[in-house]
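Colleague: I'd like to learn how to read a contact between domains. Can you walk me through one?

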Amino acid sequence: MKNLFPEDKNLTPVEVNQSEYLINGELRTWKGDTHPVLSPICTNIDGEIKQKQIGYYPLLTKEEALNALESAVNAYDHGRGEWPLMSVSERIGHIKMFLNKMREKRDEVIKILMWEIGKSLNDSAKEFDRTVDYILDTIEALKNLDRVSSRFTIENGIAAQIRRSPLGVTLCMGPYNYPLNETFTTLIPALIMGNTVVFKPAKFGALLHRPLLEAFRDSFPKGVINTIYGRGREVVTPIMESGKINVLAFIGTSTAANNIKKSHPYPNRLRSVLGLEAKNAAIVLPDSDIESTVKECVAGSLSYNGQRCTALKMLFVHTDIIDTFIEKFTAQVDNLKAGMPWDESVNITPLPDMNTLEYMQDLVMDANEKGASVINRRGAETAGTLFFPAVIYPAKPDMRIYNEEQFGPVVPIIPFTNIDDPIEYIINSEYGQQVSLFGNDPDNLAHLIDPLVNQVCRVNINSQCQRGPDTFPFTGRKNSAEGTLSVSDALRVFSIRTLVAGKTTEQNKSILTDITKENRSKFLSTDFIF
Ligand code: G3H
């Protein structure tokens, strides 16, 4: 591989030395141990290629974690705090204030995203902008929800106003691959519905939140949002063991999610919203349009180096077209541009660390030993943390790549003649997020769609798997998810239906009229939010 290191480009690395953490409306300064953050991007200093250190963040202890929890518990105050008692329009006002402050930090956050997780400039900018849009859409969705709930229902002589109320204290933990977007798809709905939050960023992808801490501090009442950093066992376990967390919003692996959930003493009091692993398959049928199928499969398996839970992680291709598919697929993969996140039209960027790269190499080696080859010319070339995508053929059930979620640039292909083979694979998989079907015969596709919608939660037709648009439901079966997220579903997930009801006696009618007319209650209100 060519020398692709940043000295060539004279690009200044970011430096974020973070000692601050947000508790109870204060940015406190940490004087203890810190976690050095190494960029995925290597630098070439006097011939030595090393991951560049771009800063550090605090390694807090149990004590600060419990302080953060206490602050969120106090701000909620059993539903009597300022935030949970606020009207919907007042809460929207605070979220808008945050959004304006967040927008001012766009360039800074995008630059840190590139350096901290190696995401391309284009994708980092998209992640920021998609998050801003998500917040705006959430505000609109909440207005709609509130408008529907602002009227009384009368049934069997009982009048009721039915709304959604917050659940309490939320522990919010985001992933490294979409550290801003996916975190905010739970954090913002949790906040806007009136919950208070303890937020812990992922191990990779913490620094990019630093420019937003002042915005959090200045936009919300104290204690509504608190941030903690450190090792899960040190800071997350004690919070969960307290039994004071009402909602766990977690995006990561099912093993970690299960461990976190298990430390809660009252599982019945914990609502979980989980986005977990996936091993989405593509099934390429003999009558598929080869050009567009290859294009979708390349983007589906290798956008952001395949580091997406929705990535295509196993390609089943019918034997009738396997030769043509392989020829075109490997050619397109070899044409991808590997380089630094800021390089124009770059596709493949550095992996988060050397361990990830070694894991890719292990998967390839294991497949080689069991009879498969890397069939693309540039497959598995490396330079520092860069790993050029390896297309593995033919993948087989005894290989690690068959079951393990690679979450990186290794693309296994399996030939099939009997459609039962890919279907059995999906049935027996530990995961159940999405599938992509490529074909042209409506009857054939319909026969596949009907059983597959009971195996996964989204069947994509002649299109790669993906989460968006964000108004669509995003969820999964088995080890892939718990709960459903979308702009409107998230508002439901972080709230519970609550009603005020009374028999329609003359006395009650006059009380209800008086309360609503005189604006005596935030909940019991017929106000219409424009
Ligand atoms: O990592 C999983 C993400 O939710 C995928 O989102 O399909 O928009 O890339 P995406």
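Modeller: Sure, and let's start with the charges: a salt bridge here is a side-chain nitrogen of Lys or Arg within 4 Å of a carboxyl oxygen of Asp or Glu. Keep in mind that this is a predicted model.

Colleague: How many salt bridges does that rule find across the interface of domain 1 and domain 2?

Modeller: Two. In a salt bridge of this model, the side chains of Arg130 and Asp470 meet at 3.1 Å, N to O. The interface also has eight residue pairs in polar contact.

Colleague: Which elements give two or more residues to the side of domain 1 that touches domain 2?

Modeller: Helix 4 (106–117), helix 5 (121–149) and helix 6 (181–192). Helix 5 gives the most, with four residues. By class, that side of domain 1 has eight nonpolar, four polar and four charged residues.

Colleague: Where do the domains run in the chain?

Modeller: The assignment puts domain 1 at 22–29 + 72–275 and domain 2 at 280–470. Their centres, taken over C-alpha atoms, are 33 Å apart. Domain 1 brings 16 residues to the contact and domain 2 brings 15.

Colleague: And how do I put a size on it?

Modeller: The size of an interface is often given as the accessible area lost when the parts come together. In this case domain 1 and domain 2 bury about 1,500 Å² between them, with 54% of it on carbon and sulfur atoms.

Colleague: Which three residues supply more than any others of the area that domain 1 buries against domain 2?

Modeller: Arg130, Tyr176 and Asn177, with 29% of that area. Arg130 is the salt-bridge partner of Asp470 too.

Conventions: Residues are numbered from 1 along each chain as its sequence is written. This is a predicted model: local features need pLDDT of at least 70, side-chain atom pairs count only at pLDDT 80 or more; totals for chains, interfaces and linings use all residues. Side-chain values use heavy atoms; hydrogens and water are left out. Domain bounds come from an automatic or database domain assignment. Contact means heavy atoms within 4.5 Å. Buried area is the accessible area (1.4 Å probe) that two parts lose on being put together, summed over both. A polar contact is a pair of N or O atoms within 3.5 Å; within protein, one must be able to donate a hydrogen and the other to accept it, and residues adjacent in sequence count only if both atoms are side-chain atoms. Ala, Val, Leu, Ile, Met, Phe, Trp, Tyr, Cys and Pro count as nonpolar, Asp, Glu, Lys and Arg as charged, and the others, Gly among them, as polar.
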